[in-house]
Amino acid sequence: MAEEKEDKKFTTISIPSQLAEKIKKRIEGTGFHSLSAYVTYVLREVISGIENEEDDEAFSKEDEEKVKDRLRALGYLD
Amino acid sequence: MPRAHGNKLISRHLKKELQNLNEITKIKINTNVSEDLLNIANGVFSPLKGFLCYNDLENVVKEKRLESDTPWTIPILLDSDKKDLSEGDTVLLEDKENGVRALLDIEEIYTYDKKTLSQEIYRTQDVKHPGVANIYKMRQKFIGGKISLIDYKSREFDDYNLSPKETRFLFKEKGWKDIVAFQTRNPPHMGHEYVQKTALTFVDGIFINPIIGKKKTGDFRDEVILKSYEALMKNYYLKERAVMSILRTSMKYAGPREAIHHAIMRKNYGCTHFIVGRDHAGVSNYYGPYDAHDIFSEFPDLGIIPIFFRSFSKCSKCGSVVNDKICPHDQEYHINFSGKKIREILRNGEIPSEDMMRKEVSEMILKFEKPFVE
């Protein structure tokens, strides 16, 4: 039984100091409370755009016809 | 069309031959849990494959994300006081009322502080909040683990109950790439139609997705909501631009967190945009009117675009429905779309003004002897 668990783990990434300074200036007065928060935000945004989708299972021919019939009955397909 | 949340549309339907179920420990589940279970099995809750384990719950509570860093804001939990359960067991989850049966592989049995859960999810520990009250009603232990759906009974309105796999197929067949989702719990008034059509103007199609299920006294009955939307769509929408499907899930009234959850579900249905109104999924005064808008800025990786609407009303000077960004006229010219007022008029058997509700919609509602939950 898990009563207590470890805290979430973080890792350290090195970026050029000058870039870090620019980012610190960039986030002044915004909702980002730290350099890490901003970098995490940007990386999440970037990574979400390039992750590849695994192929979804397609309907079998038989199931596809059943689904089409159902959608036609609702008037959504001709 | 966006990828399913977490990159894979989940399907948890049992494919192998069933062993003898008489020997397996059974856990009774209620309608809310069985609806969650079906939503997991059908991919509405992708990427969840089962009920949350401790690390995922802790991360959802503290970070609004699963342990994998995927955005997730509402805990999907199975509580139980069943004795003699162990991690590694397989049990049968059973909702006899709705004919739902599933296997659960228990990965973890754990406890979690309910005060923390309430405060973080609902921003309050007030038991008057319906979500907090539900947490306090839950039993002390939570069971995490993957589920496999065995079977379920067909239910009322299932003709309109499309799975994400089916809606994705439908959108592809219709050639829609950008799809906006609209969530509702009420028959449409003119304000709703304005919001939907404004959003639809910029995309290929609209997915109207009423939440069906447990309602409180005075709410419109599910059938009334569906039939009134049918009346609106038949008379005022292009057939090739609008579809409707129901979503069986309970409202949590978690305001901003629930707005994210609602967006994730619609992303799984294949939608690219999601309409978020004022005080979305709110109750009483627990959240600010636009908290459910602001929270989206925490999720650059959500994968569905929110479309925010603030207040809207009918302006007699403009002669149209307007919002606070486009109309310069004073309040005296504005008629607000009050759901309460519309209900009162309909309750008296009268037709609301066409400034408020389409005649076809009102007439459809009044065809019902009892349009409201009693």
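**Reading helices, sheets and loops in a predicted model**

Biologist: Helix α1 of chain A covers residues 17–27. How many of the residues of this helix are buried?

Modeller: The number buried is 0 of the 11 residues, so helix α1 of chain A lies largely in the open. The reasoning rests on a count: a residue is buried if 20 or more other C-beta atoms lie within 10 Å of its own. Keep in mind that this is a predicted model.

Biologist: What share of the residues in chain A is buried?

Modeller: Buried residues account for 3% of the 78 residues in chain A. The chain has 3 helices and 0 strands. Along the sequence, its pattern reads α-α-α. After α1(A) comes A:Gly29, with a positive phi near 75 degrees.

Biologist: Now chain B. Is strand β7 mostly covered or mostly open?

Modeller: Strand β7 of chain B, residues 179–184, is mostly covered. Of its 6 residues, 5 are buried.

Biologist: How do I read strand pairing?

Modeller: Start with the general idea. Strands in a sheet are paired by backbone hydrogen bonds, and the pairing is either parallel or antiparallel. Then take the case here. β7(B) pairs with strand β8 of chain B, residues 205–212, in the parallel sense, over 6 bridges. Within β8(B), B:Ile206 stands opposite B:Val180. The route between these strands runs from β7(B) through helix α6 of chain B, residues 190–200, to β8(B). This β-α-β crossover is right-handed.

Biologist: Which residue of β11(B) is the bridge partner of B:Val180?

Modeller: B:His273 is that partner. Strand β11 of chain B spans residues 273–276 and pairs with β7(B) in the parallel sense, over 2 bridges. B:Val180 therefore ties to two places: B:Ile206 in β8(B) and B:His273 in β11(B), with strands counted as paired if DSSP finds at least two bridges between them.

Biologist: Next, the antiparallel case. In what order do the 3 strands of the open sheet in chain B come?

Modeller: The order is β14-β13-β15, and the pairing is antiparallel. The edge strands are β14 (320–323) and β15 (334–336) of chain B, each pairing on one side only. On average, neighbouring strands of this sheet are turned by 40 degrees against each other, direction ignored.

Biologist: How many bridges join β13 to β14 in chain B?

Modeller: Strand β13 of chain B, residues 312–315, is joined to β14(B) by 4 bridges. The two run antiparallel. To place the register, find B:Ser313: B:Val322 in β14(B) stands opposite. A helix packs on this sheet: α6(B), which touches β13 and β14 of chain B. The direction of α6(B) makes about 110 degrees with that of β13(B). Recall that α6(B) is also the helix in the crossover from β7(B) to β8(B).

Biologist: How should I read the domains of chain B?

Modeller: Check the bounds, then the contacts. The domain assignment gives domain 1 as 5–151, and domain 2 as 158–250 + 311–366. Their C-alpha centres lie 32 Å apart. At the contact, 8 residues of domain 1 of chain B meet 7 residues of domain 2 of chain B. The domain 1 side of that contact has 3 nonpolar, 4 polar and 1 charged residues.

Biologist: Which peptide bond of chain B is cis, with omega near 15 degrees?

Modeller: The bond from B:Ser46 to B:Pro47. B:Pro47 sits in the loop between α1 (31–41) and β2 (50–51) of chain B.

Biologist: And positive phi at a residue that is not a glycine?

Modeller: Ask what the phi is, then where the residue lies. B:Asp84 has a positive phi of about 60 degrees. Its loop lies between β3 (79–80) and β4 (90–95) of chain B. B:Tyr253 also has a positive phi of about 60 degrees, although not a glycine. B:Tyr253 is in the loop between β10 (247–248) and α8 (255–268) of chain B.

Biologist: Are B:Asp84 and B:Tyr253 exposed or partly exposed?

Modeller: B:Asp84 is exposed, because 6 other C-beta atoms lie within 10 Å, and the cut-off for exposed is 12 or fewer. B:Tyr253 has 18 C-beta neighbours inside 10 Å, so this residue counts as partly exposed.

Biologist: Where is B:Glu350?

Modeller: In the loop between α10 (339–347) and α11 (359–366) of chain B. B:Glu350 is exposed, with 11 other C-beta atoms within 10 Å. From B:Glu350 to B:Asn161 is 189 residues in sequence and 32 Å in space, C-alpha to C-alpha.

Key
Residues are numbered from 1 along each chain as its sequence is written. Chains are lettered from A and ligands numbered from 1 in the order in which they are written. This is a predicted model: local features need pLDDT of at least 70, side-chain atom pairs count only at pLDDT 80 or more; totals for chains, interfaces and linings use all residues. A crossover is right-handed if, with the strands pointing away from the viewer, the path from the first strand over the helix to the second runs clockwise. Axes are lines fitted to C-alpha atoms, for helices over the stretch in contact, and angles run from 0 to 180 degrees between N-to-C directions. Two residues are in contact if their C-beta atoms, placed from the backbone, lie within 7 Å. Domain bounds come from an automatic or database domain assignment. Ala, Val, Leu, Ile, Met, Phe, Trp, Tyr, Cys and Pro count as nonpolar, Asp, Glu, Lys and Arg as charged, and the others, Gly among them, as polar.
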